[in-house]
Amino acid sequence: MAMRFRHLKRTSKEAVGVYRSAIHGRGLFCKRTIDAGEMVIEYSGIVIRSVLTDKREKYYDGKGIGCYMFRIDDFDVVDATMHGNAARFINHSCEPNCYSRVIHVEGQKHIVIFALRRIFRGEELTYDYKFPIEDAGSKLPCNCGAKRCRRFLN
């Protein structure tokens, strides 16, 4: 896994690019065909403690900045808002072509996006955000357009 991760660091910029998305704002798209099971990109940014996420989210909202955070575990979150890479632009889909996984490389935790199936050049990369279910007043609408869309992210 460590060897595959090191290879990913050298090749991910050649494989993907950020372009306008029909799902939402900008999205991450394939620049070459990606095989099923292939590591696509690391979701990188600054690792913060989980207890700081609400404070940062309120700060970003107050400044009108989009918030990009990804939970590693109960204690740590990757905040990609200011110091992240292109992975933060991967949109949600109820029928995704990628999935995320936390891997351990040399004692460090990394969030890596893997191809769920073969993804062709020009196709938008998506994964299921798996947000916790919220009450009716806090629902976030889903725009993925999948045949079996759940209509909400949460």
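## Strands and cores of a predicted model

In strand 2, G27 is the bridge partner of Y19. The structure described here is a predicted model, and this pair belongs to an antiparallel arrangement in which strand 1 (residues 16-20) and strand 2 are joined over five bridges. Strand 1 and strand 2 form a hairpin with five residues between the strands, and in this hairpin G25 takes a positive phi near 50°. Strand 2 is mostly covered, since four of its five residues are buried.

Strand 2 (26-30) also has a part in the interior, being one of the elements that give two or more residues to the largest nonpolar core, together with strand 3 (39-43) and strand 9 (108-115). This core has 21 residues, of which V16, I34, I41, Y43, I90 and L125 touch the most other members. For I34, once its neighbours within four places in sequence are left aside, the residues in contact are A15, V16, V40, A115, R117, R118 and I119. A second core, separate from the largest one, is made of seven residues, among them F5, M39, V105 and F114.

Another part of the model holds an open sheet of three strands, which has the order 4-6-5 and antiparallel pairing. Strand 4 and strand 5 are the edge strands, each of them pairing on one side only, and from one strand to the next the twist averages 30°. The two pairings with strand 6 (residues 76-79) are set out below.

| Strand pair | Sense | Bridges | Residues opposite each other |
|---|---|---|---|
| Strand 4 (residues 46-49) and strand 6 | antiparallel | four bridges | I48 and V77 |
| Strand 5 (residues 69-71) and strand 6 | antiparallel | three bridges | F70 and V78 |

V78 in strand 6 is also the bridge partner of V47, while on the other side it stands opposite F70. Strand 5 and strand 6 form a hairpin, with four residues between them. Helix 2 (residues 53-63) packs on this sheet, where it touches strand 4, strand 5 and strand 6, and the direction of helix 2 makes about 165° with that of strand 5.

As for the annotation, the unreviewed UniProt entry carries the feature "domain: SET", which covers residues 14-130. Over residues 14-130 the chain is 11% helix and 39% strand, and the C-alpha atoms at the two ends are 28 Å apart.

Definitions and conventions
Residues are numbered from 1 along each chain as its sequence is written. This is a predicted model: local features need pLDDT of at least 70, side-chain atom pairs count only at pLDDT 80 or more; totals for chains, interfaces and linings use all residues. Side-chain values use heavy atoms; hydrogens and water are left out. A nonpolar core is a set of buried Ala, Val, Leu, Ile, Met, Phe, Trp, Tyr and Cys residues joined through side-chain atoms within 4.5 Å. Buried means under 20% relative accessible area, exposed over 50%, partly exposed in between (1.4 Å probe, protein chains only). Contact means heavy atoms within 4.5 Å. Two strands pair if DSSP finds at least two bridges between them. UniProt positions are given in the numbering used here, feature names are shortened, and annotations may be inferred rather than shown by experiment. Axes are lines fitted to C-alpha atoms, for helices over the stretch in contact, and angles run from 0 to 180 degrees between N-to-C directions.
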